[in-house]
Number of protein chains: 2
Amino acid sequence: MVPLEITPLNNADWKPQARLDKLQQQHPNASLPVLVIMALLDIMKDSKASSTFEFLEHAKAATTAFKQLPEKNASMIAGADLFLHPLKTHSEHIRDVEDWKKSIFALFEKRLAEYAKFRERAADKGLQFIKDDAVILVHSYSRAVMMLLQKARQGNKRFKVFVTETRPTTSGTKAAVELRAANIPAELILDAAVGSVIDRVDMVIVGAEGVVQNGGVINQIGTYQIAVVAKAANKPFYAVTEQYKFVRLFPLNQEDLPIASPPYFASSEDRNTIVAKNPQIDYTPPRYISLLFTNIGVLTPSAVSEELVKFYMS
Amino acid sequence: MVPLEITPLNNADWKPQARLDKLQQQHPNASLPVLVIMALLDIMKDSKASSTFEFLEHAKAATTAFKQLPEKNASMIAGADLFLHPLKTHSEHIRDVEDWKKSIFALFEKRLAEYAKFRERAADKGLQFIKDDAVILVHSYSRAVMMLLQKARQGNKRFKVFVTETRPTTSGTKAAVELRAANIPAELILDAAVGSVIDRVDMVIVGAEGVVQNGGVINQIGTYQIAVVAKAANKPFYAVTEQYKFVRLFPLNQEDLPIASPPYFASSEDRNTIVAKNPQIDYTPPRYISLLFTNIGVLTPSAVSEELVKFYMS
């Protein structure tokens, strides 16, 4: 109620990036939305708020700090929203701040235990789609996709995988090496060779940084054009993703994403700026996505919207 | 008529690759089909053939040597066919081999002088399509495309260019540097970022290694998927090409090209094989090509077929 009590929170430095980096080391397998929730819980544990209102304002300010990071992305927004939602919806019912804090922490303790199972559940949902002799194209390195492929191999499915190099991170190289180590034939291809191999491919499987409101996917740069090429060749395009990556964003186009738009043509700097200037992600509209394999089931893109409404209206 | 006279020719070593390499140094601006014709003329100048039949058999054997090079490609086939065609069609009318040889060399002297003007004429045909404030996406380094863009700039057109990096050669880097030197704003993008920028682009312009019978284009790997993405975004896709790159090939798909198909999944070699294993070219079917800017005019893909028939039936 008293603006002066709240204002300092907006200027407080919760070191969001440093917290995320530290949590990532401690939980190397956790996804970014989960790490954001963990970081926010850590911050809120130390809150000296003396009212639910103050606690909520505190939480909002901390959440905003994560959403405004220079490295912000769809995953962080998803995590921040997931954290803030129960605080917002429960704030009117409980007056005692200590009781409320306890119930919030208990809720997230339960949720974090659930979240830890999401990736494997999502991977399991995709298993039925991998048939013997399938040739699968994957892009970049996605832990959910790797889990799906490794589980399929453990289930004695025989299939082959093309992996895009995925410049500039070359994360596809890491994926190819791990797949081969798991006894899955994997071949690295140039990012420019997707068109060249698409006719040999039975399906494309990608991960996601975020799944937006219309069921579209925000993912590593290059995903969008692979989806376009797959559709032109009538090949199914699947995304494996945990539900905590569903995010209330509705991008209208490639420039309408939660990233700084690259300053193309801003200057005539030298040719070495390619990596810095290029976006790290792109947006694949739902019309290019056949199905999403998620922990809550195999979804069409339009079902994502329903799930988001269900969750955030509850 | 006497097989024993002819057989040795098939085993002769005309050192086709070494000849091409040397001619390329002497004529750095000449296209590959032109260099192939020059090389074949050099070889045939030394022919000791005593009959038109023998001369033709000699020419056929030498032409085959170029078509069977390990580095063979659509350009070489185009040049070899252009060379052999007048020999085949004229062989029945002339009996004196020395007169005939003279007329053949005179014909090609005239043609080579014409060929030298083809690139500039093709570039000129494209000028009308470049309007002020256009944003143009180009792939790889094409001399015909560079000439078109530089002439447009010299004609005081103001436009901007996105250039794909074009792994593994990174030839796009060379193009970006030259465009900037010509005072044209040029921005290098990742091969995977075509989808990300396509909405900002007004048109795509590429060169060609070869233009096949149905008007499709064989070009640097990545061209095909750019064309697919351009079509999905309703952006025109143009190819600038000299007529001597028209070639009597009719690829059915990406694997039906005059290159060794990469040995995907042949072994589990290490990840460093990416460059060696990936094809250098791909095939863009005519349905993705809006227009071709050629020395004989602005053509639809289907007009290429007519021109090929006209030339090879004459």
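## A tour from an exposed loop residue to a sheet and two cis prolines

Begin by selecting A:Asn234, which is placed in the loop between α10 and β7 (237–241) of chain A. The model shown is a predicted one. The phi of A:Asn234 is near 55°, a positive value in a residue other than glycine. Along the chain, A:Asn234 comes just after α10(A). Is the residue buried or exposed? With a relative accessible area of 70%, A:Asn234 is exposed, since the cut-off for that class is over 50%.

Step back next to helix α10 of chain A, residues 223–232. How many of its ten residues are buried? The count is eight, and the helix is thus described as mostly covered. To display them, select A:Thr223, A:Tyr224, A:Gln225, A:Ile226, A:Ala227, A:Val228, A:Val229 and A:Ala230.

Now bring the neighbouring strands into view. In chain A, three strands make up an open sheet with the order β5-β6-β8, and their pairing is antiparallel. Which strands lie at the edges? They are β5 (210–211) and β8 (281–284) of chain A, each of which pairs on one side only. Helix α10 of chain A packs on this sheet, where it touches β6 and β8 of chain A. The direction of the helix makes about 35° with that of β8(A).

For a closer view of the pairing, select β6 of chain A, residues 217–220. Four bridges join β6 to β8(A), and the two strands run antiparallel. Within this pair, choose A:Ile218; the residue that stands opposite, in β8(A), is A:Tyr283.

The next stop is the loop between β2 (159–164) and α8 (171–181) of chain A, where A:Pro168 is found. Display the backbone from A:Arg167 to A:Pro168: the peptide bond there is cis, with omega near 0°. In general, most peptide bonds are trans, and most residues other than glycine have a negative phi.

Finally, move to chain B and select B:Pro168, in the loop between β2 (159–164) and α8 (171–181) of that chain. B:Arg167 and B:Pro168 are joined by a cis peptide bond, with omega about 0°. The loop between β2 and α8 of chain B also holds B:Thr166. This residue is not a glycine, yet B:Thr166 has a positive phi of about 65°. Is B:Thr166 buried or exposed? Its relative accessible area is 0%, and B:Thr166 is therefore buried, the cut-off for that class being under 20%.

Terms used:
Residues numbered from 1 in each chain as written. Chains lettered and ligands numbered in written order. Predicted model: local features only at pLDDT ≥ 70, side-chain atom pairs only at ≥ 80, totals over all residues. Heavy atoms only, no water. Pairing = 2+ DSSP bridges. Contact = heavy atoms within 4.5 Å. Axes fitted to C-alpha atoms, helices over the stretch in contact; angles between N-to-C directions. Buried < 20%, exposed > 50% of the residue type's maximum accessible area, 1.4 Å probe, protein only.
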